[in-house]
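Reader: Before I use any of the labels attached to this model, I would like to see the reasoning behind them. Could you take me through it step by step?

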Amino acid sequence: MIKRQWWLLWAAVLVTGCGDGGIQSPDFTPVLQSISVAPATADVELGQTQQFTASGTFTTPPGSASATVVRPLSNVAWSVSDTQRATIDENGLATTLALGTVTVSAQKDGVEGQATLNIVTGDLVEVRVTANPETTDPLPLNGSREYIARGIYTNSPRDDNGDPIPGPINGPVSWTSSNTGVATVTPPTGAKTTVKAQSTGTTTISASSPNKAGTPVTGSVDVEVEQALINGVVAVVPADATVKVGNTQSFVANAEFSNGTTGQVSNDQLDWTSAAPATATVNVDGVATGVAVGSTVITATLKAGVPSNTANRSASADLEVTNPGTDCSRPLNGADGATVSSATSALCVLCNVDDESNVIDANPDNFAKINVPVGLLLADASIRVKAPPGDPIQAGERAGFILGRPSGTLNPLGPVATLELLSSLDVRTYLGGTLTGDTSGTSNSLTLSLLGTTAIDGAPSYDDDQVLVSIATTKPYDAIELVFTSGIVSAFAETNVYSAVCGELAPAP
């Protein structure tokens with residue numbers, strides 16, 4: 001009986017399992033040879049998650065039916081190649097933060113396996129068309145009004161009621177009018193268009209953009225045109241502007257109409273004049289061109305044959321022409337096809353970016369707001385603006401953002417805040433979703449320039465509290481990113497971002 005128990009004990013030793021569950025002899029230890037990560041490639045919409053798993057290939061004891069065996073792995077060290085685009089937890093659950101491609105890695109015992117995570121836009125499911133600013137008032141005959149198209153995607157954020165929030169459309173947008181005899185659309189493509197009334201009646205203004213399958217998704221709004229006389233020209237917008245010699249500034253004239261509305265007067269009803277053509281000229285479309293340094297007055301006057309209910313038939317605006325040294329020569333606007341996205345670091349639950357679409361809306365008074373709590377290390381938030389598809393920006397053109405201070409905070413243009421900006425802001429460029437290497441955090445220094453009243457190539461003037469931050473570039477790029485990072489001590493915890501700009505940007509004064 002004792003001898004039989006000894007043999008049973010010896011047999012048990014022979015089949016004792018190893019640490020990973022393999023059957024081995026007493027002197028054999030399985031060796032991890034490789035790691036595979038599943039799925040090997042995953043296309044995941046921005047804002048969604050993806051679960052990854054890891055399996056290991058181990059050697060087997062001599063005489064086994066197979067030289068290796070594959071088993072699930074636990075206690076794997078997970079990582080991603082770009083934490084600005086995605087994060088991954090200890091269980092292999094990846095969370096997407098920004099568009100692009102990252103490499104997912106699983107490591108154990110010195111062996112590594114990898115997978116590819118492509119972070120893509122959601123699919124377009126709805127297009128919404130609204131007047132800008134929003135109104136349902138009839139359009140006066142011969143008047144015009146801007147309309148904007150916004151999209152709802154499968155991964156669009158939702159408000160407190162759970163309703164999707166429309167945002168910029170990532171693809172091309174085409175506009176149509178169901179009755180061009182009543183109203184026309186100009187331009188026929190882009191995120192925005194201007195509807196011009198031709199005759200009384202009703203027309204449907206539609207905007208279409210393709211989804212991922214190439215099927216057009218269309219939104220529309222009915223526009224009524226009614227007979228309304230001009231009561232009087234009330235303003236030329238912008239009322240004060242600055243333009244550089246050789247650059248242009250667009251003006252529009254607004255009038256009050258007999259139906260109680262206020263709107264834009266079409267240029268074919270106006271005569272545009274400059275008080276000093278040697279300083280700046282203005283064409284029939286209200287576009288002024290700087291000729292020489294100085295000041296002039298731009299005036300819009302109703303043509304002689306256009307009736308008006310009052311004697312107030314003209315309005316004017318002041319235009320200053322400055323030296324041709326450019327401060328920022330080209331803003332990236334959604335109307336031209338530029339897109340914007342934002343991200344916050346996974347460790348910062350209090351970081352946020354509000355109203356990111358304002359960065360590309362071409363209105364210099366609108367801004368996005370980045371908020372990063374003071375004193376929270378490794379906390380950051382970012383905004384990335386991508387140029388129109390197929391339109392990369394040449395190497396050598398500076399890249400930057402127009403920033404401003406939040407209301408009631410320390411002026412960011414003072415000496416202390418300037419150092420703060422340099423330490424907590426990083427401007428980077430990308431090409432095809434990949435960092436170019438041009439960044440203020442490494443080889444290219446961050447330049448700050450006080451904007452004052454200088455305008456951006458035809459846009460209204462900027463306030464004294466706004467600053468241009470930019471970097472020199474050595475490689476072509478199609479996207480500019482601003483990263484705002486908290487420190488132990490910060491002059492302010494939030495900043496306003498007005499626009500992304502590129503071109504021959506001036507150095508700091």
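**Labels and the values behind them**

Author: Let us begin with Glu481, which counts as buried because its relative accessibility is 2%, and the cut-off for that word is under 20%. The model is a predicted one, and the values discussed here are computed from it.

Reader: Where does Glu481 lie, and which residues does Glu481 touch beyond those up to four places away in sequence?

Author: Glu481 belongs to strand β39, residues 479-485. With residues up to four places away in sequence not counted, Glu481 touches Ser382, Ile383, Arg384, Phe401, Asp426, Val427, Arg428 and Tyr430.

Reader: What makes the pair Glu481 and Tyr430 a polar contact?

Author: The side chains of Glu481 and Tyr430 are joined at 2.6 Å, and a polar contact requires a pair of N or O atoms within 3.5 Å, so the distance meets the cut-off.

Reader: Why is Ser177 called buried?

Author: Ser177, which lies in strand β14 (residues 174-177), has a relative accessibility of 14% and therefore counts as buried, the limit being under 20%. Leaving aside neighbours within four places in sequence, Ser177 is in contact with Ala183, Val185, Thr203, Thr204 and Ile205. With one of these, Ala183, the side chain of Ser177 makes a link to the backbone oxygen at 2.7 Å. As for Val223, 46 residues apart from Ser177 along the chain, the two C-alpha atoms are separated by 9.5 Å.

Reader: What makes β1 and β5 edge strands?

Author: They belong to an open sheet of three strands in the order β1-β4-β5, with antiparallel pairing. β1 (32-38) and β5 (68-72) each have a single partner strand, so one side of each is left without a neighbour in the sheet. The twist from one strand to the next averages 25°.

Reader: How do you know that β4 and β5 pair?

Author: Strand β4 (residues 53-59) and β5 are linked by five bridges in the antiparallel sense, and because pairing requires at least two bridges, the condition is met. Within this pair, Ser55 stands opposite Pro72 in β5.

Reader: Which strands are at the edges of the sheet β3-β8-β7?

Author: That sheet is also open, with three strands and antiparallel pairing. Its edge strands are β3 (49-51) and β7 (86-88), each of which pairs on one side only. Neighbouring strands there are turned by 20° against each other on average, direction ignored. Between β3 and strand β8 (residues 93-96) there are three bridges, again in the antiparallel sense, and Gln50 stands opposite Ala94 in β8.

Reader: How do the side chains along strand β22 alternate?

Author: In a regular strand, side chains alternate between the two faces of the sheet. Along β22 (residues 252-257), Ala253, Ala255 and Phe257 point to one face and are buried, whereas Val252, Asn254 and Glu256 point to the other and are not.

Reader: How many bridges join β22 to β19, and how many join β22 to β23?

Author: Six bridges join strand β19 (residues 230-237) to β22, and three join β22 to strand β23 (residues 262-265); both counts satisfy the requirement of at least two, so each is a pairing. The strands run antiparallel in the β19 case and in the β23 case. Glu256 stands opposite Thr262 in β23, and Gly232 stands opposite Glu256. The hairpin of β22 and β23 has four residues between the strands, and in this hairpin Gly260 takes a positive phi near 90°.

Note on methods:
Residues are numbered from 1 along each chain as its sequence is written. This is a predicted model: local features need pLDDT of at least 70, side-chain atom pairs count only at pLDDT 80 or more; totals for chains, interfaces and linings use all residues. Side-chain values use heavy atoms; hydrogens and water are left out. Buried means under 20% relative accessible area, exposed over 50%, partly exposed in between (1.4 Å probe, protein chains only). A polar contact is a pair of N or O atoms within 3.5 Å; within protein, one must be able to donate a hydrogen and the other to accept it, and residues adjacent in sequence count only if both atoms are side-chain atoms. Contact means heavy atoms within 4.5 Å. Axes are lines fitted to C-alpha atoms, for helices over the stretch in contact, and angles run from 0 to 180 degrees between N-to-C directions.
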